[in-house]
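This report concerns the pairing of charged side chains in a protein model. The sequence and the structure are shown first, and the description follows.

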Amino acid sequence: QAIPTLLISSIFVFLIIRAIPGDPARTIVGLDAPIEEVEAVRVELGLDQPIPIQYIRWIRRALRGDLGKSAVNRFPVNEIIAMKFPATVELAVAAMLAALAVSVPLGIIAALKAGTRFDYFVSVLSALYQGAPNFWVGIMYILIFSVNLKLLPPSGRVPLLEAPARALQSLIMPVITLCMPMAMGQM
């Protein structure tokens with residue numbers, strides 16, 4: 001079932017990308033570029049080919065690990081992913097550890113105090129975190145802890161080995177944003 005699902009998903013993603021308004025070639029060369037330059041980029045990217053041919057070329061390259069170049073900065077997408085991968089792993093591991101650190105004690109206490117206000121509070125908190133989209137919760141944390149209270153940086157990443165204290169400070173909000181729904185879902 002995985003192979004047909006992946007195939008259908010890849011077709012869906014490809015068609016959604018192609019349905020986005022605008023011309024990718026025009027975006028790459030700029031709005032003021034001459035039409036000859038735009039056409040040259042369209043040919044280079046294969047955008048002059050029919051959609052089924054474009055899809056086959058796209059899927060072949062993706063299966064070989066060639067994800068193309070970024071339309072924004074023209075760097076290979078593989079290199080961009082490799083650059084961002086350590087930060088992603090750092091955040092994922094920190095969020096999973098934090099989720100365990102929160103869910104296990106809260107779950108034990110809620111179970112021991114079944115039917116009390118604490119149990120009710122944890123149940124309501126769990127429902128709220130499960131129902132709220134992560135991006136919205138993250139924006140609320142930024143508004144509260146960065147904009148209003150000025151306690152944490154609103155964005156950015158500091159490598160852990162470069163400046164551990166600042167790195168931990170920059171990780172607090174993203175970790176809490178990701179760990180709370182996980183923690184509340186595990187209880």
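## Salt bridges in the predicted model

Three salt bridges are present in the structure, which is a predicted model. As general background, side chains of opposite charge can pair when their charged atoms come close. The pairs are listed below.

| Acidic residue | Basic residue | Closest N and O atoms |
|---|---|---|
| Asp 23 | Arg 42 | 3.1 Å apart |
| Glu 39 | Arg 42 | 4.0 Å apart |
| Glu 90 | Arg 157 | 3.3 Å apart |

Asp 23, Glu 39 and Arg 42 are joined in a network of salt bridges. Within this network, Asp 23 pairs with Arg 42 at 3.1 Å between the closest N and O atoms. That pair connects distant parts of the chain: Asp 23 belongs to the loop between helix 1 (2-19) and helix 2 (24-29), while Arg 42 lies in helix 3 (residues 35-45), 19 residues apart. Asp 23 has a relative accessibility of 25% and therefore counts as partly exposed.

Glu 39 also forms a salt bridge with Arg 42. These two residues are separated by about one helical turn, because they stand three residues apart in helix 3. With a relative accessible area of 38%, Glu 39 is partly exposed.

The remaining pair is formed by Glu 90 and Arg 157. It links distant parts of the chain, with Glu 90 in helix 5 (residues 77-112) and Arg 157 in the loop between helix 7 (134-148) and helix 8 (164-186), 67 residues apart. Glu 90 has a relative accessible area of 18% and is therefore buried, whereas Arg 157, at 41%, is partly exposed.

Notes: Residues are numbered from 1 along each chain as its sequence is written. This is a predicted model: local features need pLDDT of at least 70, side-chain atom pairs count only at pLDDT 80 or more; totals for chains, interfaces and linings use all residues. Side-chain values use heavy atoms; hydrogens and water are left out. A salt bridge is a side-chain nitrogen of Lys or Arg within 4 Å of a carboxyl oxygen of Asp or Glu. Helices (H or I, at least four residues) and strands (E, at least two) are DSSP runs, numbered from the N terminus. Buried means under 20% relative accessible area, exposed over 50%, partly exposed in between (1.4 Å probe, protein chains only).
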